[in-house]
Amino acid sequence: MIPVMNLFMVLIPFLLLGAVFFKIGVIPTSIPSHNPQESDVPKTPTTVLANLVVEERQMKITCDSTSLSPEELADLADVFPNKGAEYDTKELQKHLWMLKDRYPKSTTLTVLPYDGLKYKKLVDILDSTRERDSGKRTPDNEPIYNELFPVTIFSRLLKTDPAEKQLESP
């Protein structure tokens, strides 16, 4: 019995070491189609990345997308001037709802606030961009919310081109 166990103790490491040298490569391919109008490439839904610039007296929204033309993207842009001292979050929410209705797979909003924006105002703006009251209620009489743009990215708006600053530096 001991010689058989010794044999396995020697063979197992060799088998394990040998397995490392065998690799199976897979090359994804597709079968040619007889119909030139059909494509085997899966259709991806159009999504937009919304950009919200928060300034002292207004909010501006623009969109980016790899599948939309510049004219279509320009039609999605809008400006929301302040109502008194408050930001018009209701109109912003309506606009984002329109974007979500047209492009339901879109989830990302980039927020570019100005330096002096108060924290409370920023929270109010972000609350209006994440979800919207659907008007429906649960059996417990709790409101049901529809998702708008739950993924928020914070960035900073550059006023000048950083390449120009490097050229000016001695």
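These are my notes on a surface patch, a pocket and some salt bridges in this structure. I kept in mind that the model is predicted.

**Entry 1: the patch.** I started on the outside. V4, F8, I12 and L16 make a nonpolar surface patch of about 400 Å². I looked up F8 and found it in helix α1, which covers residues 2-20. F8 has a relative accessible area of 48%, so I put it down as partly exposed.

**Entry 2: the pocket.** Next I went to the largest pocket, which holds about 280 Å³ of space. It is lined by 15 residues, and P113, Y114, D115, R156 and L157 are the closest to its centre. β1 (49-54), β4 (108-113) and α4 (119-130) each give two or more residues to the lining. I sorted the lining by type: nine nonpolar, five charged and one polar.

**Entry 3: the salt bridges.** I noted six salt bridges in the structure. Two names from the pocket came back here: R156 pairs with D115, with the closest N and O atoms 3.1 Å apart. This pair links distant parts of the chain, 41 residues apart: R156 is in the loop between β7 and α5, D115 in the loop between β4 and α4. R156 is exposed at 57%, and D115 is exposed at 66%.

K120 and D124 also form a salt bridge, at 3.4 Å. Both lie in helix α4, four residues apart, about one turn of the helix.

Last came K83 with D88, at 3.8 Å between the closest N and O atoms. Which partner is buried, and which is exposed? K83 is exposed at 56%, while D88 is at 11% and so counts as buried.

Key
Residues are numbered from 1 along each chain as its sequence is written. This is a predicted model: local features need pLDDT of at least 70, side-chain atom pairs count only at pLDDT 80 or more; totals for chains, interfaces and linings use all residues. Side-chain values use heavy atoms; hydrogens and water are left out. Patches are made of residues with over 30% relative accessible area and no salt bridge: like charges are joined within 9 Å, nonpolar side chains (Val, Leu, Ile, Met, Phe, Trp, Tyr) within 5 Å. Accessible areas come from the Shrake-Rupley method with a 1.4 Å probe; for residues, only the protein chains shown count as cover. A salt bridge is a side-chain nitrogen of Lys or Arg within 4 Å of a carboxyl oxygen of Asp or Glu. Buried means under 20% relative accessible area, exposed over 50%, partly exposed in between (1.4 Å probe, protein chains only). On a 1 Å grid over the protein atoms alone, a cavity is a set of points where a 1.4 Å probe fits but cannot get out, and a pocket is an open set with protein on both sides within 12 Å along at least five of seven lines; lining residues have an atom within 4 Å of a point. Grid points are joined across faces, edges and corners, and a volume is the space filled by probe spheres set on the points. Ala, Val, Leu, Ile, Met, Phe, Trp, Tyr, Cys and Pro count as nonpolar, Asp, Glu, Lys and Arg as charged, and the others, Gly among them, as polar.
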